[in-house]
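Biologist: Could you take a close look at one part of this model for me, the salt bridges, and then walk me outward to whatever surrounds them? I would enjoy one connected account.

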Amino acid sequence: MQLKETIGYKTIVTWMAADGRQPFAFQEEAWQYILEGRSGLVNAPTGCGKTFSVFLGAVIDFINRHPDDYRTRGGNGLQLLWISPLRALAKDIGRAMEEVLAGLGMRWQVGTRNGDTDPAERARQKRKMPEVLIITPESLHLLLAQKNYPEVFKVLKVVAVDEWHELLGSKRGVQVELALARILGTRGGSGVSIIGISATIGNLEQAGEVLLASMHRGEGGFIVRAVIHKPIEVESIFPDEIEKYPWSGHLGLKLIHKVIPIIMSSRTTLIFINTRGMSETWYQSLLNICPDLAGAIALHHGSIDMELRTWVEEALHEGKLKAVVCTASLDLGVDFRPVETVIQVGSPKGVARFLQRAGRSGHQPGQVSKIWFLPTHSLELMEAAALKSAMQEGLIESREPMLLSFDVLIQFLSTLAISDGFYADELFRELKQTYCYSEMTEEEWREILHFITEGGEALHQYDEYRKVELMEGGLYKINSRRVAMRHRLHIGTIVSEPMLKVRWVSGGYVGVIEEYFISRMEPGETFTLAGRNLELVMIKDMTVLVRKSNARKSRVPSWNGGRMPLSANLGMMLRRKLDEAGLMLRAMLEGEEPVVDIELRVLQPLFELQAALSYMPRENELLIEQIETRDGYHLFVYPFEGRLVHEAMAALLAYRMSRITPISFSFAMNDYGFELLSDQPIPLDDANVYELFSPDNLTADIQRSVNSAEMARRKFRDIAVIGGLIFQGYPGEYAKARHLQSSAGLLFNVFAEYDPNNLLIRQAYNEVMEQQMEEQRLRNMLERVSRGQMVLRWPKQLTPFCFPLKVDSMREDLSSEKLEDRVRRMQAQLR
DNA sequence: GACCTGCTGCGGCTTG
């Protein structure tokens, strides 16, 4: 349009120049679209001003509309709604926005709205909304739970969804879809544009589609892609003698001494560890081998008290700390706090996550990002090579949007019912426009309405499940204040394990611990949290009281976190690297000097042993090893598809073989493969192997092979909580795990008996198939395998590939010391 | 329902 001529553009460019900022081409492109009132997605690497560009777009638009008085106006109503997945980010972004506005001499107010917004501020916002409101998806739904909420959006121009890639693929993303549909609904679908901000993902187009599904169709959204190439350097940390490095394990402490010089030679370092428990161990070990680091390093993970974490972030930022050992808790949120060096310990499981972490260093345009990779076992070194190639080829994972999440919908309906209520037909049309619910049938819709008003087939006898009233005139409404209040307490889709707070006897919080873990400890025993050894004094008022302990022995807690399997992209790349390694061995036999990744070269002795004892599979081959030991008959398979697929595959294979001959197995699996162990010979050979791995009848066979009812029962807990079927108690109240589990179990039974087709039960089964079994990926794998070659081998002894699986399956029977001894003996025998 | 390596993220209290 007339961007260049307006006062707004000139003002802003002048202002940016004075501030030493350079406008990027993609920013101007984004501004242009926003000025035209279009919707779309802005994609750029972190740290080059995505946020800035979208914010300025909205500002320029306003200036253009009010060129004469933009400096003096106030009380314009909500112009820009900024949705952010992190409340911690809200403050940072708000401050940055205020700075920009001050620079432009604009009188806009920036407000935040999330869990810690003080009630007085909320009341003020009710009277007068700031021009910019930064909000989380959950708080946005709380806003929709307020009477007269459409008033809030009356003059809204732009909704920005920050970090959309983080929300997409989760139920929080569905919440955003629902809120957007409703906001557009209040405006008759016009006058508001939606701008998503996203890092690069494999399905960017689809991400845009999901976000904009509720916009009037026909007009495709724009996608602005910043072509800013960020050089990334990956350097592996090698053991001195690869022959002596462990073949299994996940901790990686054997290489800790190589980390010290890296920390020392760098101003600030982040050390990413995969789990909270292991990060505690790493922190302690760093201090043990290098006491000089005391006071200069810190620990950061999701179960450490927020105050402490904030302090760590600040101290790192100010250069008071040299290094922080952390989990994914530092993946996001420190956008404005770059570090010099990043170390990744163990597999990052996916290309996108690795890229993200690498990007934490050299976080300025033009700088090189550098990341060190520390393998926790020998074979893991291959991942460094795979990650490098995957990054070069831009093989970033996709985020699959969720479909038909009825639990989130049921929650949403209650949200609307406690504010202004809704009319069924009108809302149905609106929902059908969202991506998540576009396939919802009228029958399902009627079932949902029946469920929220009458408790459905199974629960109609219980008053507490008849929440919503159908009023005269067709309005669905919740009139009970009690129900409304309870509902407000339960808005959100994140369901966590029951945790207890950990507090010093003398006051001050340390963090949180799982009820399950602490329930098995006695007063006087010691555990580790936030890098400290703590003696359990007592459990009182839902709080674990502790004092400092000098005990040498301390238990490191385990938290029951999510299990992130190796991504499909990284798995594919690993198979390719294995292929390259095989070619390397062959070429070297011919006396050539092949050019390969240094990691593969270092692993050469291991690969040679694998080739000698068994086989090095090509990319289109699936290696199956059968080995007899005194433990029994083992079958090892290596699809490199991540542990969830392997788990399902192991069960499937066991089931299919048991149809040939009655046989029972025990399983073990990791991200590279799985093991079946039996006390009788395993009926798998060249004649039947293709049939056993056939994709035919997959769904039916899977359902027969696993205890899907039990898995669905567990999934159902979260669904029941999100759908509002289980009241978890008032804030701070100790929600007993057993209570939660049993009420979910009870409900599941009631449904199974009286209403087995209930759509929440169906959803539980679907989630098991999609998330637990990764059915699509399993199917892809079987199809790939059936197109390729199966290679069966009968090694005389354990191979480098099967070793970690074998160790895993032994773990249950042996104490950790005994296990370590035995592993050492086993590995020595092989050399 | 357990821990076999298993992350992160949010929200909320009433009352005549």
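Modeller: Happy to. Let me start with one pair: the side chains of Glu233 and Lys370 meet in a salt bridge, with 3.4 Å from N to O. This pair links distant parts of the chain, as Glu233 sits in strand 8 (residues 232-236) and Lys370 in strand 13 (residues 369-374), 137 residues apart. Glu233 has 37% relative accessibility, so it counts as partly exposed. Please keep in mind that this is a predicted model. Over the model, the count comes to 43 salt bridges. As background, side chains of opposite charge can pair when their charged atoms come close.

A second pair is Glu444 with Arg762, whose closest N and O atoms are 3.3 Å apart. Because Glu444 lies in helix 18 and Arg762 in helix 30 (residues 759-772), this salt bridge ties together parts that are 318 residues apart in sequence. The two partners can be set side by side: Glu444 is buried, at 13% relative accessibility, while Arg762 is partly exposed, with a relative accessible area of 29%. The cut-off behind that wording is simple: buried means under 20% relative accessible area.

Helix 18 itself deserves a moment. Glu444 is one of several buried residues there, and the others are Trp445, Ile448, Leu449, Phe451, Ile452 and Thr453. You can also check the geometry of helix 18 yourself: the helix runs over residues 442-454, and its 13 residues at 1.5 Å a residue should span 18 Å. The expected span is 1.5 Å times one less than the number of residues, and the end C-alpha atoms of helix 18 are indeed 18 Å apart, which agrees. Just after helix 18 comes Gly455, with a positive phi of about 85°.

Now for a pair inside a single helix. Arg714 forms a salt bridge with Glu710, where the closest N and O atoms are 3.9 Å apart. Both residues lie in helix 28, 4 residues apart, about one turn of the helix. That spacing has a plain reason: an α-helix has 3.6 residues a turn, so residues three or four places apart point the same way. Arg714 is exposed, with a relative accessible area of 59%, and Glu710 is partly exposed at 30%.

Salt bridges can also be joined up here: Arg575, Glu641, Glu774, Arg777 and Arg784 are linked in a network of them.

Helix 28 also leads on to the surface patches. The loop between helix 28 (708-722) and helix 29 (737-754) holds Tyr730, which is partly exposed at 33% relative accessibility. Tyr730 joins Met485 and Leu489 in a nonpolar patch on the surface, and together they have about 240 Å² of accessible area.

Charge gathers on the surface as well. Lys126, Lys147, Arg481 and Arg488 form a patch of positive charge there. Arg481 belongs to helix 20 (residues 481-489), and at 74% relative accessibility it counts as exposed.

For contrast, let me end with a residue that is hidden from the surface. Ala386, in helix 15 (residues 381-392), counts as buried at 0% relative accessibility. From C-alpha to C-alpha, Ala386 and Val351 are 9.1 Å apart in space, with their positions 35 residues apart in sequence.

How values were computed
Residues numbered from 1 in each chain as written. Chains lettered and ligands numbered in written order. Predicted model: local features only at pLDDT ≥ 70, side-chain atom pairs only at ≥ 80, totals over all residues. Heavy atoms only, no water. Patch = residues over 30% accessible without salt bridge, like charges linked within 9 Å, V, L, I, M, F, W, Y side chains within 5 Å. Areas by Shrake-Rupley, 256 points an atom, 1.4 Å probe, with all protein chains shown as cover. Salt bridge = Lys/Arg side-chain N within 4 Å of Asp/Glu carboxyl O. Lys, Arg positive; Asp, Glu negative; His and termini not counted. Charge placed at Lys NZ, Arg CZ, Asp CG, Glu CD. Helix = DSSP H or I, 4+ residues; strand = E, 2+ residues; numbered from the N terminus. Buried < 20%, exposed > 50% of the residue type's maximum accessible area, 1.4 Å probe, protein only.
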